[in-house]
Structures are given as C-alpha cells and as structure tokens.
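Hi,

Here's the structure I said I'd pass on to you. Have a look around, and then read on for what turned up.

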Amino acid sequence: MANPETLPTQIQELIEVLLAEIPLLEEPLAALLEVEIAAQDQNEPPKERASLCEVYADSLDRFGDASGSLGFTGLQQITTWLRDNIVLLVDIPHPLNTTQMDLLGSWSGYAGAYLSMPYDSDICQEFVTWLQAQDWPKPIDKSQAEAIGALLLTPDFTSFLNDIPVNNRLKTATAEHVSLELPADVQPELLDALLQELPEQSQTFAASMQNVITGGSMDDLNVAKRTAHTLKGAANTVGIKGVANLTHNLEDILDVLYAEQKLPTPELANTLMEASDCLEIMSEALCGLGPPPDSAQEVLQAILDWANKFDEFGGLPPEFNSSQPASVTDNGQATSSSNVHHQTSQDANNQTKNNQNIVNQSIANQNGTNPLATPSQTTELTTTTEHTKQKPPNDVHHTETSTGGRAVSLGLVDELLRLGGESIILGGQVHEQVRRVEHQVLAMQNELERLQKLGADLERLIDIKNFSVDRPKLELQTEFDALEMDQYNELHSIGRMLVETATDARQIGGIVTGQLLKLDQTLMTQGRLHRETQEKVLSARMVPIKTITPRLQRGIRQTCRITKKQVELNIQGDETLVDSEVLNGLIEPLMHILRNAVDHGIETPEIRANMGKSAQGEIKLEFLREGNHLLVRCTDNGSGLDFAAIRHSAESKGLIQVEQSMTNDELANLVLLPGFSTRTEITQVSGRGMGLDVVYAHVISRGGNLTLSSQPGQGTTTEIQLPVSLISTHAILTRINDQVMALADRGIEQILHGEDGTVRIMGEKLVFQVEQRIYPLQDLETLLRLPPSQSQKNKLQQPPIILVRGRSGLTAIRVEAVLAGIDLVVKDLGQYIPHLPGIIGATILGDGTVTPVLDLPELISSNLQSANYSTITNVETTAMPYQDSKSSIPVVLVVDDSLSARRALVQVMEDSGFRVKAARDGLEAVSIVAEQRPDIVLADMEMPRMNGIELTAHLRAHPTTADIPVIMITSRSTSKHRQQASVAGVNAYLTKPFMDDELLEQVAVLQGNR
C-alpha cells in the first residue's frame, strides 16, 4: 500500500484537481437546498426539485467517474450511492426536512477531508457512518459499510502509476521543443481558454519571479511555482510544446527551491528572469501580438541545465549552501543582496509589475475569445491541503475586467460607443432643428403682430368710413339715434374677427415658443446625459497604464543584456487611466523610444565612470493627463543627442545646406525625418534604417504629437502627446469662405479679439503683438492652402486671433470668425483616405453638414516642416496662386417666377457643387447680374415684368455679359418659341419636364466651351 507522503507528484496533482471539483458540486446542491428551504411552509414539494436533482446527479456521475479512473474506488461507489438517493428524493411528497438537508450539505466536507488524507482511518469511518444515517431514502447496511470502508482505505493507483514514465528529462533543447505551432486537431474551446488565461498567468509569473529575486519571500516563490504548474497543464492540454516544456522544467526547479525554502542564487536568478521574459514573449506570440522569441531554444537549454543539475544532486547543488539570495536591478542583471544598488522607486516598480495585462487580454477578446474566470484561478484557493492555503503576497493582485462575474466584450463596448456617438449627433441635429423652428416662430410672431396692426388699421378705417357717409335709414324700433348707439354691419364684424384672430394666433405662437424653450432645455439635459452615458461606457475601455509596465520593464532588461549596459527604469503616473485602444497603440512607440534611449543615449558603465556619473543609467518615464490628452515624457541621463553627427548626416544627405544656420531644436527635429539615422553599422537593437521617424508617423496617425529636446552630456527628453479618447473632442467652430470647419481644442491656449493686439510685419513675417508679447501670425486659409477669405481682403475688419501652442511655441492663427464651442463626435476618414496632416477626422454638425475636424498644432508643424526642409526634393516650394473665392466655384443664376420650380433648380445646382443665386423675374435678375457676374444663367421663358427672351437679349446687348451662357427652361415646345429663343441668343433649350442629368450635361458642355 502506497504511503501518502511517498505518492508521486502526478498523483498529488490529480488529487488537487479532484479537490478543486468539489466546490463546483456545491453550486447545484445550493440551488436545490434553496428551493427546499423556501418550500418549508408548504405541504407539497417544490416544482423545481426534479430538474435540480437531475443536474446534481449528473455532476455526481462525472465526479465519481473521475475518482474511479484515478483509483479511488471507494469514493466512486459512494458517489453512485449518493446519486441513487438523490433520485429517490424526487418522489418524497413533501419538502425535505432539516436533517435530510444537513446530510446533503455534509457531502463536500466528508469528500474533501477524505481526499486530503485518504489513509486516515478515522476520516474514513466518519464518512461511512454518514452513509448509514436512517434519514437517507436508502441508507447502507453494516456489511456494505464495511466493504466501502475497506475500499476507502485502500485506493488502487497501480494502473495509473504504470502509465507514469520514469524521469527522462531532456538533455539538449531543439527547435521542436520550443515550437509554438498548434496541433492540427486542436480544439477551439481549449485554445480559447488558453488564450484567455495565458497573458494573465505569464504576467503573474513574471511579477512573482521579479519579487523573488528582489528580496521577496517564499510566498512569492509559491505563487511562481503554482503559476508555472497552471501554465504547464493548460499548454499540455492544448498541445503547445514550447510553453509546456519551458513551464514544466521551471516548475521542477521552483519545486525544489520551495521545498528547501531557498531563494535562487544570482546565476540562477538571471536564468529564471530570462525564462520569464521568454514566457511572456511566447504568450504575446500566441495571442497574435508579436513574433516568437528568437532566444527560446537557448533559454530552454539554460533551464534544462539547471534542472538536470538538480536531478544529479537529488536537490539543491552545493553552491546554494554558501551563496546569498539573488537580487536584480532593472537591467535584468542579478547580483547578490549585498551588492544591489539602492533604488528609491523599486517598491513602486514591483507593485506595477504585479498587475494583470488587461491590454493583451482585451486584444484576445477582439480575436474572438471571451475572457471568463478560469477554473485554475479558483483551484488554487479551494484546496484544503496546508500548502495551498498560503495566500499570495498583498502586492500581487488581479484586475477584473468583468462585471458581476460576466466579462464584457471590447467589441460590445465599441458598438455602444458608436451608438452613443450617433445618439449625440442625432441629438445635436434635433437641437439645431428646434433652434430653427424657434427662429421661424419668432418670424411668424412678427408677421402676426404686423397682421394685427393691419387689422386694427382696417377696423379704424371702417369706423371712419361709416361715420363719413350717409347711412340708409333703417326701420328700427329703437329710441336711440345713430349718435347715441353705434350700429355695425358685416364689414365691422369681419374686421373685428381679423384682429381677434391675429391676437389669438400671437398668443398661440407665444405658447409654442414657451414649449420650444422647454424642449430646448430638455434636449440640453438629454445631451448632458448622453455625454455622461458615453463617459461611463468609455470607462469600460479605460485601463491603468501600469498594465503595460511589465512589458516595458522586460524591454529594458532585454536591451541592457544585448548592449551590456546598466539602466534603471523609473515609472511615474502609471495609475492614469486611458482608453485601451490608445494604450495598445502606445506600446510599440514606447518600446522603441526606450530601446533608443538605452542604445543611443545611456553610456556604458566604463564611459559613465570616466565622466563622473554612476555606472547605472536612469530613464524616467512619466504619464500625465492634460485635459483630453495624455502626455508621456521619457527622460534619460545619458549623453544626449549628438548634434554634430546629426548635422553631418543631414548635410551628407542633402537635407540642409553646409552653411545653413540651425538651432539645436531644429537639428533634433531632423531625426524625425524618414530614414534619418546617424548610425553607420547595423546592430541587433538599432541601425536598420528605421528610427524615430517610424514612431513619429505612428503617433501622428493616432492624432498625437512628438517633440524632442536634448542637452549634450545631460540627456534627452522625448514627449508624446496623445488624445485620451479618440471618440469625441471639444472643438471651436469657425468659417472659411462660407464653409464651417471645426478646430479641435488641442493646443488652443486663448482666443483674442483682433483689437486686443496689433498685426505687424517683422522682416518678411507677419506677427501679432499683444503688449510686449510677439507671436508669429498665420492665416488659417494659408495653412490649409485655400483662397483668402473676405475678412482677409478687407483691411477694415479685425478678425479673431487664436493662440495655439505647437512644437515651436505659441503661434497666432487668424480666422474669419469664431462661431461657437461644442462637443463633437469625431469620425475616422476611413481606410481609403490617407492621413492628411492637420485633419484628425470629420464630424456631422447639427444641421447635417459634414465638416473636417482640424488639429492646429499638427497643421502648423506640417507647414513648418515643409517650409524648412523643402530642399529634400531640391525643388523650391512656391505658394499656389490664390484665386478669387467667387471665381473659384462657378456661380449659377436661376430665374423663374414659380417658387417651386425655382427652389427645385436651386437644390439641383447646389447639390452639384455650384454657388447659386435666384431671381423671381428678369428685372430682378438684371440687378443681381449688376452686383455679381454669374457663370451661367438658367431662365424661364414666361415671366412678369421681363421674360426670359428679353433677359437674354439684355445680356447679349452688354459687352460684360454678352458671353454668359443661357439655358432656357420652359414648357413651350413649339418651333416658333425655339426660334425666338435662338434669335435672342439662348445657348440651350430645355422643355419641362426634364431630367436633372440632362440639365447638368448641358451645363458641363457650356462650361467646357468657355
């Protein structure tokens, strides 16, 4: 008979699995007992009893089969007996009594105690006594109890032990042993479960290992050991050899360390940390976040060497008796505890590394998985053995992404945000329609007031007329004459009714106006609730930045190992919440900047020592919220940018002239140009022709900005500014050439009146001076390369000035007008439109107009860059000649006395992109032509005062209008009418009804002939 202390590890592991299944059996039992308790006051059994008993019986069947397959035959027979009793309980004609419910509830306690100590005779005897209770529908007798008791004390593991191979650990790792290839027959459900827990578990393992080798406790080592065990089981179940082999050997090493209560030596700590990094990269590769690790085979070989060494000595090698526990710095190099550099931020860094990577998990959601609480997470807390009761350290915790036990899909959150945005847009349109109705009601009120005055005048005239003319003498039986009592006829009554109707209509209009005001207030409240709802939904996508800090720390460690440098990464503000989509897009730029800081900025320990610096470099990474934007500042204390090398490289590439004067900031911006690099050799870290220009382009594509500043010998600071959410933004509406545009509030510091300062010319540049402060001045039309607006031409007007902070400081932007400030839902321009500098998307205004949303800092930066570095293409940049705004868009004059026909023509031409003027007859058209010459005239033939033929003859008689094309649109189709139109000079003749395409085709032909 096997002794419990000598049971193989595989048997102990399977016992733990059975123990973890017991709490799952309690769920259907709890539901059954709940309905039985609720039915205590009734004389009949609960209706749900049969279905609940069936569910519980099925659960017992599965548990019994699992027990029997392992060798616990006695436990299997007990579950079969209990299942039969559960079936018999269904037929009891009354609710279960208290004793019966207590018996059912005791099952999990007896089963758990037995599995924890299967060879304890007292526990087995209590278990059998429980089976003999007379309140069971079918209790066992004495002979059955003795037989089951004997089976409980003699579990048979022979068949299972025969299948366990002897220890035959790998000696040499091959590429096949670290393969992440999925089996051909992989089950999608198992793969989904693995992808759900793999990012979390690998992060937990990395955090625990980091704690272990930075002076942690045995609790940290236990968490790492159990996490490796969980990952090994999941990987073996799916069939991923790379993860299974690595975690299997890691678990064996950690098992020995935990059993001996020893922390790893510095050499082993380095190997464990590299294995932890390798495991995280494997996790990211399986989740589709990056390529497999290049050094996986070497890492596994190092782990195998240690595991085989442990096997050789039957435990810890001799060097563990004299070595001190290991500790590592942020560069990934392990040292003994007596040689560790003091790090004031270490505790904070350790805290951030112990968080689950929600970003990776949310990406797994997007790949079709739905993260739920995995059984492995509950298994570790429900085992009743002594060592499983040990809790992980307080600083290791998991961040839940689900609510009420149910995970929320990121796709669902995105869809809710989209619907919320559409709702805000629709609310804005309703608000705009209400505003227009208010204006129309106000106009109607004015007209009704005018009508009321006319009615009063009419009534007064009627009275005067009645007193000024002789009335026929009526045969009335009255003792009053005409001066003593007024007499009224029907005209008096109609006049009075007209005045009263106008007064009533005004009162109704006032009531409507009041209702519209209340509706407007309701819409404002609804809009506020919409925004609050959107913010709450958006918070489901908000994650703390600390969820990516383990990956950043790992990147620093790997870069330090390659470059043989020592660097401490100090992260501040990582509790800041940002949109997970924004955070996902921030990972790669940050990784590149950090690698660049280590490789280009931080010097080697020898050079730093010669310069009087500490051997260990420092990189400080700060995260700050600035309004609706996230500011990321990365500062290192390295050598700074080599401006001489940058200038030499720029001159050799022809980017700048040899003697061209440039400031350090301008030279720093050169490294953001595509393909720019000062390295002449290719290394594993950098020098492949892909530098900060890739990061800059990535940040710009997400509506952000990147700036560089450096002090030679002191270090470099890189700042990234990104919108916290790409869903909505606050914007200022402005007008350019009769078109409304939205200016995102990023970078806008102040809005000034034109009278607040003075526009001056300094050298060749315009500036705006406010007291003693001088700002460079640019027109918004110039930045957008549009024709100048009327306010720009009219020197008497002083349009508003917007102060914008960009990479080069404050810039004054002159706009035609500032209309309003509103919250906008920004829509992406789509995959078929390339990124346009200065345009972050489009929005739909309240009146349904689609307008671009401009980002002024980016717009200014792109114009400055194109102006400063135009020599890249060796082509002089010349400003496009501005055209008159009135001649840039063709003007069409529509002349028709019919209101409906006139409006229809105006709508057709406006939808086709023309600027349209309208006239009711030829005489009105002549006055319009005198003010502005149209490009084409659409005229009806029959009109009052001046018809279409007379209008055409008038145009042809004057040299300035003789060549204006005229299209006659009329219902007259006879040859006589056509001949008269041709003689007058009509260019095209269309008869009603006509097709819009036919009209537009004639317009295009006549425009092309000009």
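Before the details, one term: helices here are DSSP runs of H or I with at least four residues, numbered from the N terminus. Also keep in mind that this is a predicted model.

Let's start with a single residue, T247. You'll find T247 in helix α11, which covers residues 241-259. Is T247 buried or exposed? Its relative accessible area is 1%, and since buried means under 20%, T247 counts as buried. Leaving out residues up to four places away in sequence, T247 touches A228, L231, K232 and L279. There's a polar partner too: a polar atom of the T247 side chain sits 3.3 Å from the backbone oxygen of A244.

Carry on past α11 and you come to the loop between α11 and α12 (266-286), where Q261 is found. Q261 isn't a glycine, yet its phi is positive, near 55 degrees. With a relative accessibility of 45%, Q261 is partly exposed.

Then comes α12 itself. This helix has 21 residues and spans 30 Å from first C-alpha to last, close to the 30 Å expected at 1.5 Å a residue. How many of the residues of α12 are buried? The count is 17 of the 21, so α12 is largely enclosed by the rest of the structure. After α12 comes G288, with a positive phi near 80 degrees.

Now for a helix with a bend in it. Helix α20 (residues 580-601) has 22 residues, and its first and last C-alpha atoms are 30 Å apart, close to the 32 Å expected at 1.5 Å a residue. Where is the kink in α20? Look at L586, shortly before the proline P589: the kink there is about 30 degrees. Of the 22 residues of α20, 16 are buried, so this helix is also largely enclosed by the rest of the structure.

If you'd like to see two helices packing, try α6 (residues 121-131) and α7 (residues 142-153). Their axes are 9 Å apart and they pack at an angle of about 145 degrees. The crossing of the two is right-handed. On the α6 side, the residues that meet α7 are S121, C124, F127, V128 and L131. Their counterparts in α7 are A145, I148, G149, L152 and L153.

Over to the strands. L733 belongs to strand β12 (residues 728-736) and counts as buried, at 11% relative accessibility. Not counting neighbours within four places in sequence, L733 has contacts that include V740, M741, A817, V818 and L845. L845 is 112 residues away along the chain, but the C-alpha atoms of L733 and L845 are separated by 9.8 Å.

Two loops to finish. E771 sits in the loop between β16 (765-770) and β17 (773-779). Like the glutamine above, E771 is a residue other than glycine with a positive phi, near 55 degrees. E771 is exposed, with a relative accessible area of 61%. The other loop runs between β27 (988-991) and α33 (996-1008), and P993 is in it. The peptide bond joining K992 and P993 is cis, with omega about -5 degrees.

Happy exploring!

Conventions. Residues are numbered from 1 along each chain as its sequence is written. This is a predicted model: local features need pLDDT of at least 70, side-chain atom pairs count only at pLDDT 80 or more; totals for chains, interfaces and linings use all residues. Side-chain values use heavy atoms; hydrogens and water are left out. Buried means under 20% relative accessible area, exposed over 50%, partly exposed in between (1.4 Å probe, protein chains only). A polar contact is a pair of N or O atoms within 3.5 Å; within protein, one must be able to donate a hydrogen and the other to accept it, and residues adjacent in sequence count only if both atoms are side-chain atoms. Contact means heavy atoms within 4.5 Å. The expected span of a helix is 1.5 Å times one less than its number of residues. The bend at a residue is the angle between axes fitted to the seven residues ending there and the seven starting there. Axes are lines fitted to C-alpha atoms, for helices over the stretch in contact, and angles run from 0 to 180 degrees between N-to-C directions. A crossing is left-handed if the near helix is turned anticlockwise from the far one by less than a right angle, and right-handed if clockwise.
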